[in-house]
Amino acid sequence: MLQSLADDLNQNLFYIESDLRHTLGESPISQIQTVLDRAVAVNQSLSVISVSVDGVHISVSSSRSLVGQLLGKNYFPMTDLAQGFVKGHVHYQKTVNFYENNTDANQIVLLITLDSQYVFDRMNRIAFFYGFSLFIALGLIAIAVYIVADRIITVPFVRIINDARDGNARLGYFFIDELSELNRTLNDTFGSLRQKQYELKQSLARTTYLDSVLRTVADINQLLITSKNVRELMDQSVSRLARHPGYSVCMILRAEQAQLMVRACSINEDNPLCLGRLMTDGAELDVGNPFIQAFMTKRAVVVEQISHDATAPDLPRAPWQLLAAQKDAGSVIALPLISNVHDDPMGVLVVFALRASGIDLQEIAMLEELAGDIGFAIRAFEYREQLQHHLTTDADTGLPNRVAFIDQMNTNSGGLIGLINIDRFSDINAVYGVDIGDALLKKYGLWLKARAQGREDIQLYKMGGDEFALYFRSAESLSEVRLFFVDLIAATANTAFMVAGVEIVLTITVGVAHGVDRGVAHASAAIKQAKLDHQSIGLFDGLDSTRQQENNIAWYKRIRDAIETSRIVPYFQPIVDNKTQKVTKYEALIRMIDTDGQVISPYQFLDVAKKTKLYSQLTRMMIDKVLDVFKESTIPVSINLSTEDLMNQELSEYLAQRLTETGMGHLLVFEILESEGVNNYEVVSAFIQRFKAKGCLFAIDDFGSGYSNFDHLIKLDMDILKIDGSLIRTLPHDRNSQIIVQHICDFAHEMGIRTVAEFVSNEAIYHQVCEIGIDDSQGYYFYPPLERPF
């Protein structure tokens, strides 16, 4: 900056020197005053300009006052102008050479005094200019340096930092090798971190997904526990499974007759590809069927990347592929339903998944366990249902049985009960065999079911043996139900049931009672009373029961009074040999003589006597009076004994004593009432053997009346078999009765047992009895019961 000011002054002085040389070369020295004055006037930087010719005194000066003064020592050489500025000098001198008249060389001393204010102002302006220029230059340099540094260092750092912050390091090269290396390191690090992050996200997503599958499986396991039946179990299981966000359609297929049928589906039942659909449609389509593969191999089968190629609509596809396309399923898994490892599959659990990438291995393991749980639950329900079915269903007829009927009564004790008993069914078993008897029960049960069809208020039950029950839920009176059974009894009698080529006609007896308290017992009692009264229907109600109790009390008094007054008497009905028509024996029949002399039938008082413990007294009176009548006779006489008599040890001892006293054992035949049943064979057999030793004979009475059992003839060593009148009186017009009686007669003769036909009331019956080969006959066709036999 000072050199620039010095150069500027030097340039001005150069012009001044040129003027001085020119003036001195042509004019005397006195003429240079004008040059000096003009120079000072023109150059603001000059304060005073002087010339010394001799180098001692000032010869000419722009300041006139200085002319003649001596030169001071404070003038510096002009060449040190720049340094002088630094030291603050303003006085300078310079020797100027010139040629006077262009011939003689002379010299003068040029003296200048600078204007210090101007110089310093100029210096300040120059300094400000150069300072400002320097500032601008330095600023530009700084900007340039900043730009360069930013491009070389900052920008790469910022990029690296931003990439680090964003986790998105990119491979790149920089001017500074260290930055390139740092970027590569960060790129590798972030690449590894991104991979780890991706793996962690995948792991988290997989864990979350598997957790949702596990929760779904847990929910279904809870449903397996709370479901009420197999249908509910399967429906709720597939519905809950399909609600999982990763699944589309879920189904349960059951194996039925070598086919897999859809029995539970998570989508609308109207979908033709779902419920009830056969999932096997031909061998050419079944080759890749995962359902069949899972069922046959007993292992889970997964199909991934299921194609939904819309460009080939005519390509044949199996139902499972059509369903996958319909529901945009990407994969499917089929799992066999197995209750335990040793069982064959009962079906297949099918899950259509949305993902095309398939099923996770752990997911497969959970679904396999779920399929096992579902299979186990289904088998448990089926076992329970089978057990329930066996417990509550009659095996032969398929109708609800006595257990089901009792359950019905426990839950609903209202309504009315109609108990149906098939008459003489034991004879059918005895003649035709148990197999035909069972087949007949089944056929009759189906017939009854058809008769009750359409009556929602009626439920049919098989009670056991030869009994059925009809439960009327909404019937209000016994008479209303009675009308139904009147029609049923007639329809039964008019229907021929064909079983194994045998035509069988049935008759029934019905007992009707209210379904409260002891309803079944009351209906059974009604049947028993109906049979005693030779009726087809017996009605039991509370009012009748009360009246019956009152009636029983009255009869008890009458019986006891008759015993005390000896009004219990025997009547005697002859038994005729069918070949000779001669009387071969008599049967003693009990009668009560009322106080007015009226003869009372045993049907009116024997049941009351049994209930009131008077029966044994009646038997004793009959024994005494019969022995008294036949003490002089040679013709045998039979006396009826009930199972109660046979079990009565006191009566047995009394009878033995009387036979010992009278010696009439060879004249007595004891008829055991077969209709009451024989349970304790040991006691009965001991009784028979004891009195056979005394010459007595034994007969089974009323054989075929409802409890017929040919074992009685074998085990009890019978001598005579009396065929029940209910069979005999229908012989002329009932082919079934003819067959049954013929079988009974043939069997008895094979055993060496003599046969007697009861209730022979007319010639037609007698001729039929003779044709069958029965030995003896008893009935009104020959003789009615007589007061005296002789």
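Two strands pair if DSSP finds at least two bridges between them. Strands (E, at least two residues) and helices (H or I, at least four residues) are DSSP runs, numbered from the N terminus. The model is predicted, so local features need pLDDT of at least 70 and side-chain atom pairs count only at pLDDT 80 or more, while totals for chains, interfaces and linings use all residues. Residues are numbered from 1 along each chain as its sequence is written, and side-chain values use heavy atoms, with hydrogens and water left out.

**View 1. An open, antiparallel sheet has five strands in the order β7-β6-β10-β9-β8.** The edge strands are β7 (259-265) and β8 (301-303); each has a single partner strand, so one side of each is left without a neighbour in the sheet. From one strand to the next, the twist averages 25 degrees; strand axes are lines fitted to C-alpha atoms, and angles run from 0 to 180 degrees between N-to-C directions. At the β8 edge, 3 bridges join this strand to the antiparallel strand β9 (residues 331-337). Val303 stands opposite Val332 in β9.

**View 2. A second open sheet of 5 strands has mixed pairing, in the order β12-β13-β11-β16-β17.** Here β12 (458-464) and β17 (537-540) stand at the edges with a single partner strand each, so one side of each lacks a neighbour in the sheet. Neighbouring strands are turned by 20 degrees against each other on average, direction ignored. Within the sheet, β11 (residues 416-422) and β16 (residues 508-514) run antiparallel and share 7 bridges. Asn421 has Thr509 of β16 as its bridge partner.

**View 3. Strand β22 pairs with β21 and with β23 in the parallel sense.** Strands of a sheet pair through backbone hydrogen bonds, either parallel or antiparallel. β21 (residues 637-641) is joined to β22 over 5 bridges, and Val637 stands opposite Leu668. Another 5 bridges link β22 to β23 (residues 697-703), where Asp701 is the partner of Leu673. 6 of the 6 residues of β22 are buried, so the strand is largely enclosed by the rest of the structure; buried means under 20% relative accessible area, with a 1.4 Å probe and protein chains only. One face carries Leu668, Phe670 and Ile672, and the other Val669, Glu671 and Leu673.

**View 4. The structure holds 2 cavities of 30 Å³ or more.** A cavity is a set of points on a 1 Å grid over the protein atoms alone where a 1.4 Å probe fits but cannot get out, and its lining residues have an atom within 4 Å of a point. Points are joined across faces, edges and corners, and a volume is the space filled by probe spheres set on them. The largest cavity contains about 60 Å³, and its lining includes Asp423, Arg424, Asn736 and Ile740. The second largest has about 30 Å³. β22 (668-673) and β24 (720-723) are the elements that give two or more residues to its lining. Among the lining residues of this second cavity are Val669, Glu671, Ile720 and Lys722.

**View 5. Helix α18 covers residues 615-629.** At 1.5 Å a residue, its 15 residues should span 21 Å, which agrees with the 21 Å between its end C-alpha atoms; the expected span is 1.5 Å times one less than the number of residues. Its buried residues include Tyr615, Leu618, Met622 and Val629.

Key. On a 1 Å grid over the protein atoms alone, a cavity is a set of points where a 1.4 Å probe fits but cannot get out, and a pocket is an open set with protein on both sides within 12 Å along at least five of seven lines; lining residues have an atom within 4 Å of a point. Buried means under 20% relative accessible area, exposed over 50%, partly exposed in between (1.4 Å probe, protein chains only).
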